[in-house]
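Please look through the structure shown here and work out how its parts fit together. The questions come with reasoned answers.

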Amino acid sequence: MKKLFAIVATVASLFIVTNAFAANIEVKDAWAKASKGMVRNGAAFFDIVNHGAADRVVAAHSNIAERTELHTHIMENNVMKMREVQGGVEVPMHGSVHFKPGSYHVMFIGLNKALEEGQKIDITLEFEKAGDVPVTIDVLNTMSMGPNGGAGMGHGMGHGQKQNKMQMNSN
Ligand SMILES: [Cu+2]
């Protein structure tokens with residue numbers, strides 16, 4: 001009984017320090033960039049940590065935009081393009097996946113309203129095994145490179161103003 005209590009206390013404390021903890025999946029440091037000007041698209045980034053067997057993110061859902069999609073960036077003929085991810089994103093056993101600018105991201109297409117700095121957004125990530133995992137996203141200022149100041153990030157290719165230069169095939 002004492003052991004059970006210890007486990008419950010540990011799980012409860014995890015709820016406080018992370019955005020989401022469902023089964024073996026933990027989603028943390030979730031953030032999005034505040035909208036700039038008339039841009040009606042946005043993107044969210046986070047780290048997914050898997051404490052169990054291999055799983056897969058198969059979809060993202062929100063009610064803040066017309067469409068919420070899993071995207072990645074690929075280089076094609078030296079042009080950076082955004083693509084909707086086909087078949088989901090694998091999260092390896094006891095591994096992690098980083099959704100970050102220039103790589104995997106959750107894409108909001110046709111935002112209902114501009115994302116404001118300081119705002120919090122609730123979305124759901126759908127996993128093959130863990131099911132629906134709620135994620136709370138912090139909207140940071142337009143200059144932000146993320147909650148950790150962009151440490152370890154690539155060349156900073158993001159969204160916002162660069163949006164219209166990218167080609168999308170998700171229609
Ligand atoms: Cu995108």
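The turns below go from the whole chain to single residues.

This is a predicted model, in which local features need pLDDT of at least 70, side-chain atom pairs count only at pLDDT 80 or more, and totals for chains, interfaces and linings use all residues. Residues are numbered from 1 along each chain as its sequence is written.

Q: How many helices and strands are there in the protein?
A: Helices (H or I, at least four residues) and strands (E, at least two) are DSSP runs, numbered from the N terminus. Along the sequence the pattern reads α-β-β-β-β-β-β-β-β-β-β-β. The count is therefore one helix and 11 strands.

Q: What percentage of the residues in the protein are buried?
A: A residue is buried if 20 or more other C-beta atoms lie within 10 Å of its own, exposed if 12 or fewer, and partly exposed in between, with C-beta atoms placed from the backbone. The protein has 171 residues, and the buried share is 28%.

Q: Among contacts between residues at least 6 apart in sequence, what percentage join residues at least 24 apart?
A: Two residues are in contact if their C-beta atoms, placed from the backbone, lie within 7 Å. Contacts between residues at least 6 apart in sequence form the set considered here. The part of that set joining residues at least 24 apart is 69%.

Q: Is strand 3 mostly covered or mostly uncovered, by the number of its residues that are buried?
A: Strand 3 covers residues 41-50. It has 10 residues and is mostly covered, the number buried being eight.

Q: Which strand is joined to strand 3 by six bridges?
A: Two strands pair if DSSP finds at least two bridges between them. Strand 3 and strand 9 run antiparallel with four bridges, and strand 3 and strand 8 are also antiparallel with four bridges. Six bridges, again antiparallel, join strand 3 to strand 2.

Q: Which residue in strand 8 stands opposite Asp47?
A: Other bridges of strand 3 include the one between Ile25 and Asn50, and the one between Ala44 and Val106 in strand 9. For Asp47, the residue opposite in strand 8 is His98.

Q: Which residue in strand 10 stands opposite His61?
A: Strand 4 (residues 55-61) is joined to strand 7 (residues 89-91) by three antiparallel bridges, and there Arg56 faces Glu90. Strand 4 also pairs with strand 10 (residues 120-127) in the antiparallel sense, over four bridges. In strand 10, the residue opposite His61 is Thr124.

Q: Which two residues touch the most other members of the largest nonpolar core?
A: A nonpolar core is a set of buried Ala, Val, Leu, Ile, Met, Phe, Trp, Tyr and Cys residues joined through C-beta atoms within 7 Å. In soluble globular proteins, nonpolar side chains tend to be buried together. The largest core here has 30 residues, and the two that touch the most other members are Ala44 and Ile137. Strands that each supply at least two residues of this core include strand 2, strand 3 and strand 11.

Q: Is Glu26 buried or exposed?
A: Glu26 lies in strand 2 (residues 25-33). Its C-alpha is 5.0 Å from that of Val49, although the two are 23 residues apart in sequence. Because 20 other C-beta atoms lie within 10 Å, Glu26 is buried.

Q: Is Pro92 buried or exposed?
A: Pro92 is placed in the loop between strand 7 and strand 8 (96-99). Not counting residues up to four places away in sequence, Pro92 touches Asn50 and Ala54. Because Pro92 has 12 C-beta neighbours inside 10 Å, it counts as exposed.

Q: What class does Ile109 fall into by its C-beta neighbours?
A: Ile109 is in strand 9, and its contacts beyond four places in sequence include Glu66 and Arg67. The C-alpha atoms of Ile109 and Glu66 are 6.0 Å apart, with their positions 43 residues apart in sequence. Ile109 has 18 C-beta neighbours inside 10 Å, so it is partly exposed.

Q: What is the approximate phi of Asn77?
A: Asn77 lies in the loop between strand 5 and strand 6 (79-84). Asn77 is exposed because it has 5 other C-beta atoms within 10 Å. Although Asn77 is not a glycine, its phi is positive, at about 50°.
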